[in-house]
Amino acid sequence: MAEFWLISAPGDKSNQQQWERMNTVTTKANLSSNFKFTIPDLKVGTLDALVSLSDELGKLDTFAESVLKKIAHSMSDMMEDSEDKVQENLLANGVCPYSVHSINHMKTHSFYVYTVSVDLVTYLTRFQWDMAKYPIQQSLHTLSEVMSKQISQIDTDLKARSVAYSNIKANLQSLERKAMGNLLTRTLTDIVNKNDFVLDSEYLTTLLVVVPKANYVMWQKTYESLSDLVVPRSTKKIMEDSEGGLFTVTLFKKAVDEFKAKARENKFVVREFNFNEKELQSEKEEMTRLAADKKQQYGPLLRWLKVNFSEAFIAWIHVKALRVSVESVLRYGLPVNFQALLLQPNKKSMKRLRDVLNALYKHLDGVAAASVADAVVDIPGLSVGNQDYYSYVYFKIDLNLIDQK
C-alpha cells in the first residue's frame, strides 16, 4: 500500500499561483501524483477552542489508526496471514456522485449518489465529506466527539469478538498440535481403543511402549524377557510414524516398575497412559465442537471486521480532514481560506519532493524561511533545503495497515 501527504496552504490569489506551480512542477518531475482534497466549510468556533481541539484530534488520529491496524491484524490472523487476500478485504464504502445520465439511484440536486466498496487508495484520492454521518452544521468539537465515540465503540466490540474467536482458535490449535506430535508426545485419542487393553483386571495391565524402527526386531525378541511376569505373545503394534512404532504389552501389575526400568535400558520408552474411554470420547467431542464453533464464527466475524474496518477508516480520514481544517485556521488565521491537497509521493523522490514544498512555501513562516539552506535542485528557479519544520500544514497518511512479516 501507499503513503500519502495531506497538506494545506493559504487559498489567496498569490498562493493559488504557487499552488498551481507546485502541482505542475511535482507532476512533470514525477515527484508525486496530486489529488484535490475537498473539505466543506465547517463551523470553526473560537481560536481558543481550536487550540484545545487540535490536541484532542491528534490523540484521536493516533487512536483511530491503531484501531484500524488491530482490525487488519485480526483479519490477517483469521486468513492465516495471506496478505494479498487480506488486502482485498480492506475496503471502504465511499460516497460516489455520478451525473444524471450515469446511474438511476437517489437524486441529490443534479447528481445521483450511491455508496460502493472501493480500495483505500481510491477512497482517499476521491474523498468526499460524508454529510449524513458527519453533518457540517455541527461544531468541530461535536464532530470530533461523534468520530471518537464511533471509533471507541468499534474498538470495544473488536476486543470482545476477537477474544472469543481467539480463545476458540487457540484451544483448537492446542488440541491439533497434540495430535501432530511424535508417538512420545502426541495425543492417543484417535489411535487407541478399548480392545487394545486389558481392562478391569485385578492383576493384569496393558502398557504402551514406543519402539524406534531400528529396534523392532530387538523388541520382538526381548520384550517377554524384560520381566518374568510379561504375558507371552501379548505385544501388538497399533501405530507407526516415521520414527518408530507404538506397541502394547500386557503384564502383571506388580511387575510394571521392573519392566519400565529394563525397557529404558534397551531404549524402549513406556508411555504414561491410563485408558479412560469417557475422557478419550470427551477429547474427541471437544475437538469436534471447537472446529464447529470456529467455522460458525468465522463468517460472521469476518463480515463484521470488513464492515467496521470500512467504518473506522472513513472516520479516520474525516479526522484527518478535521485536523487539516483546525491546523490551517490556527496557522493561517481568519477568515478561513486555505486549500488542501493530497500528494502521493514517488518513493524514490520523497526528499526532493519535500525540498520543493519547502522552497515554495518557505515564505509562509519566518522560522521556516530562516532554516532553509541554499542547496539547489535541478528544477529552474527553486532553491530548497532539507528540514524538519514545515511552513505548510502537513499530515502523513500511511495506508500500510497490515503488519509486515
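This tour moves through a predicted model in a series of selections, from one residue to a sheet and then to a second residue.

**First stop: glutamate 3**

Select glutamate 3, which belongs to strand β1, residues 3–10. Is this residue paired in a salt bridge, or without one? Glutamate 3 is buried and has no salt bridge. Display lysine 396 as well: it carries the nearest side chain of opposite charge, 4.3 Å away. A salt bridge requires the charged atoms to lie within 4 Å, so this pair does not count as one.

Next, show the side chain of tryptophan 5. The side chain of glutamate 3 makes a polar contact with it, at 2.8 Å. To see the wider surroundings, add the residues that glutamate 3 contacts beyond its neighbours within four places in sequence: Leu343, Gln344, Pro345, Met350, Lys396 and Ile397.

**Second stop: the sheet**

Switch to a cartoon view and select strands β2, β10, β1 and β11. In that order, the four strands form an open sheet with antiparallel pairing. Which strands stand at the edges? They are β2 (32–36) and β11 (393–398); each has a single partner strand, so one side of each is left without a neighbour in the sheet. On average, neighbouring strands of this sheet are turned by 25° against each other, direction ignored.

Now keep only β1 and β11 in view. These two strands run antiparallel and are joined by six bridges. For one bridge position, select serine 8, whose bridge partner in β11 is valine 393.

**Third stop: the helices on the sheet**

Add helix α8, residues 277–332. This helix lies across β1, β10 (338–345) and β11, and runs at about 165° to β11. Then add helix α9, residues 350–361, which also packs on the sheet. Helix α9 touches β1, β2, β10 and β11, and its direction makes about 5° with that of β1.

**Last stop: lysine 236**

Move to strand β7, residues 236–240, and select lysine 236 within it. Is this residue buried, partly exposed or exposed? Its relative accessibility is 39%, so lysine 236 counts as partly exposed.

Select aspartate 196 next. Although this residue and lysine 236 are 40 residues apart along the chain, their C-alpha atoms are separated by 8.3 Å. Their side chains are joined by a polar contact of 2.9 Å. To complete the view, display the contacts of lysine 236 beyond its neighbours within four places in sequence: Asn195, Asp196, Leu246, Phe247 and Thr248.

Methods. Residues numbered from 1 in each chain as written. Predicted model: local features only at pLDDT ≥ 70, side-chain atom pairs only at ≥ 80, totals over all residues. Heavy atoms only, no water. Buried < 20%, exposed > 50% of the residue type's maximum accessible area, 1.4 Å probe, protein only. Lys, Arg positive; Asp, Glu negative; His and termini not counted. Polar contact = N/O pair within 3.5 Å; in protein donor to acceptor, adjacent residues only side chain to side chain. Contact = heavy atoms within 4.5 Å. Pairing = 2+ DSSP bridges. Axes fitted to C-alpha atoms, helices over the stretch in contact; angles between N-to-C directions.
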